[in-house]
Amino acid sequence: MPKPNDKQLQMILEDMVIARTQAGRLWNLQRQGQVGTIAPIDGHEAAIVGAVHALETESDWVLPQYREPLGLRRYGTEVLDTFMLYNLGHPAGGHIPEPIKVAPSQISLGASIPHAVGLAWGMSLKDEPGVVLVFFGDGASSEGDFYEAGNLAGVLKAPVILFCINNQWAISTPTHLQTAADSFSSKAEAFGIPGVTVDGNDPAAVYEAVFNARKRAASGKGPTLIEATVYRLGAHTTADDPTRYVPSDDLSAAQEKDPVHTLIQELKTRGLWSDAKQNEVETAALERLDEAFERAKNTPLEPNSMMDHCFVSETPRQLRQRSSLMDSVGNTNE
Amino acid sequence: MSNKVSELSMLEAINETLHSEMTRDERIVVLGEDVGRNGGVFRATEGLIEKFGERRVVDTPISEAAIAGSAVGLAMAGLVPVAEIQFLGFSYQAMHQIAGQIARLRYRTQSRFEPQITIRAPFGGGVRTPELHSDSLEAQFANIPGLKIVMPSTAADAKGLLTSAIRDPDPVLFLEPLRGYRGIRDLVPDEEHVVPLGQANLIKKGDDVVIISWSYQVELSKRVAESLEGEGISAAVLDLRSIVPLDIEAITEIVSHCGRAVVVQEAPETGGFASEIIATINDECFWSLEAPVARVSGFDVPYPVGMLENLYVPDETRIRSAVLKTIESG
């Protein structure tokens, strides 16, 4: 059975603890006015990290929505470095370097789903190995892009995994106002593809679901829709006040099932984790985040980089705008 | 190089170009509704599926957003998607992918992902289509940075510009006038023919006034200019060929020379691209003007039903009258 072994479970927990720890620091940085809006990862760690650990990083793509980047450590340290640039509002924050197969955050909900289908389709046309996993939420599943792309993926048998993290809330809208369907995974039936619901607080269960979906996709049998059910333990973003709408009893019940705490307890019981290890991982995570933050702050930024990367060849009008921008920057400096 | 030419309709020129580009570049994938077995509802993609197979010529579900959105993914995979939106009016259903994703892909990823994507779509009136099949939406797209917008007026340009569009590393919206598909015929080079994007074409020289236009309205403008010759009015005609990039230099040069200009578009007047041309003339060569620049447009109503469309679309009479008014006013 494709269960993660003990070593893998330790690595998964390490990545989950790092994500949780770094998310806490990011929240504080936002409150200090040092970075822009942040979407906390709390409660989503097992779903994200468990999924990513079932992929082959050399060949498989991950297209995130926006809550996932801190959980993608397995794809390389550059993901965090780029994410910190992104949080600062630096244009380089959109460029995760080659050859890392991770796209930058997608702010338009569900908009990456057709990209994932097209990318997976393209990879199969080129007979390249690998699959594409696209993250989106329960709210994004109400977008037309989800239905159009899911349908196309089914028709093309594209090697794609549609990974819906159902965290029960789309900002303030609960799932029963999002859909009348029994589950989000049941929507797979309309696409003619398998739909699987998995406990997103259980990284082993998530790993297994993604492992199977990956195997199916890579062998040419087509896509799978996975719904990982979790509970959003924090705010939607730093701009949100969930006490206005999240029932406190529901939140307390969800905190009892906190995926990070649950796995820590489980692995401690089995002698695979310790407080010392926990401290060591947390300390390193904070140092790493601070290092990435410092590096991001020290990354040069030219004002006229605003005009870069729109077209390969600038239009005559853009060239003039670039020059007038430089004039106004020059005047400001004087 | 052979200098041979053949007389082709614009549709035949487009079809021939798709054949030759797909032969040249194995990365090209044609996708859209009815583009495969049916060869396109106008036959623009005829013969492609037979020659290049089902993997490279793909009939998609009726999903404009998924056509545009999956083109992003195909480009990320290193392929060159040439997508068809069956009628430009239905691009509204793909607008969030075209405007929100395709146009910004290079910018938001700082060129990590390269959107070498061409979207072809027929548009424009005069052929009694059902609702939404005739709308001229170019100005709406022109306000989206990151998209090139190409609108040929001849069969030869259709070949030369489509070749450039497909080879361009940036996304290009290639808009084909419905009336021109079979209504426009001219001599098209048999061999490879490349017309760079962003170079307007002064298709008729003149000294008194210039008519500036694009796509099918160029054909009408040319007829008006020719008829005015007999009346002692020397009218130039400038075919913009693409509105993004815009050939500001060519506009400035001919407007400065003539001192009078009329801009003709099929789209509604308010917020149309003609307004952009007039603003450009104001910026570049206002003091060379001898009369206010006129524009001839559709009306500020939704594109009307068939029995009214001949009143809506600018015709030779309206263009002629605008030219004469411009001549008389200054």
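Okay, so start at Lys204 of chain B: in this predicted model, Lys204(B) sits opposite Val237(B), which belongs to β11(B). That pair is part of the ladder between β9(B) and β11(B), residues 235-239, where the two strands run antiparallel and share three bridges.

Now zoom out to the sheet. It's an open one with five strands in chain B, and the order goes β9-β11-β10-β13-β14, with mixed pairing. Who's at the edges? That's β9, 201-204, and β14, 294-298, both in chain B; each has a single partner strand, so one side of each has no neighbour in the sheet. From one strand to the next, the twist averages 25°.

Next, what lies on those strands. Helix α9 of chain B, residues 216-229, lies across β9, β10, β11 and β13 of chain B, and its angle to β11(B) is about 165°.

Then there's α10(B), residues 248-258. Which of its residues are buried? Ile251(B), Ile254(B), Val255(B) and Cys258(B). Looking down the axis of α10(B), the buried residues fall within an arc of 100°, so they line one face of the helix. If you want the textbook bit: an α-helix has 3.6 residues a turn, so residues three or four places apart point the same way. And the cover over the buried residues of α10(B) includes β9, β10, β11 and β13, plus α11, 273-285, all from chain B. Right after α10(B) comes Gly259(B), with a positive phi near 80°.

Okay, the core. The largest nonpolar core has 194 residues, and the ones with the most contacts inside it are Val134(A), Val160(A), Phe163(A) and Ile211(B). Which helix gives the largest share? It's α1 of chain A, residues 6-31, with ten residues. Let me pick out Phe163(A): leaving aside residues up to four places away in sequence, Phe163(A) touches Ala51(A), Leu133(A), Val134(A), Phe135(A), Ile226(A) and Ala228(A).

Last thing, where the two chains meet. Chain B puts 37 residues into the contact and chain A puts in 33. On the chain B side, α3 (64-76), α4 (95-102) and α5 (105-108) each supply at least two residues. The largest share of that side comes from α3(B), with nine residues. And what's the chemistry of the chain B side? It splits into 17 nonpolar, 15 polar and five charged residues.

That's what I had, thanks.

Key:
Residues numbered from 1 in each chain as written. Chains lettered and ligands numbered in written order. Predicted model: local features only at pLDDT ≥ 70, side-chain atom pairs only at ≥ 80, totals over all residues. Pairing = 2+ DSSP bridges. Helix = DSSP H or I, 4+ residues; strand = E, 2+ residues; numbered from the N terminus. Axes fitted to C-alpha atoms, helices over the stretch in contact; angles between N-to-C directions. Contact = placed C-beta atoms within 7 Å. Core = buried A, V, L, I, M, F, W, Y, C linked by C-beta atoms within 7 Å. Buried ≥ 20, exposed ≤ 12 C-beta atoms within 10 Å, placed from the backbone. Arc of directions from axis to C-beta. Nonpolar A, V, L, I, M, F, W, Y, C, P; charged D, E, K, R; others polar.
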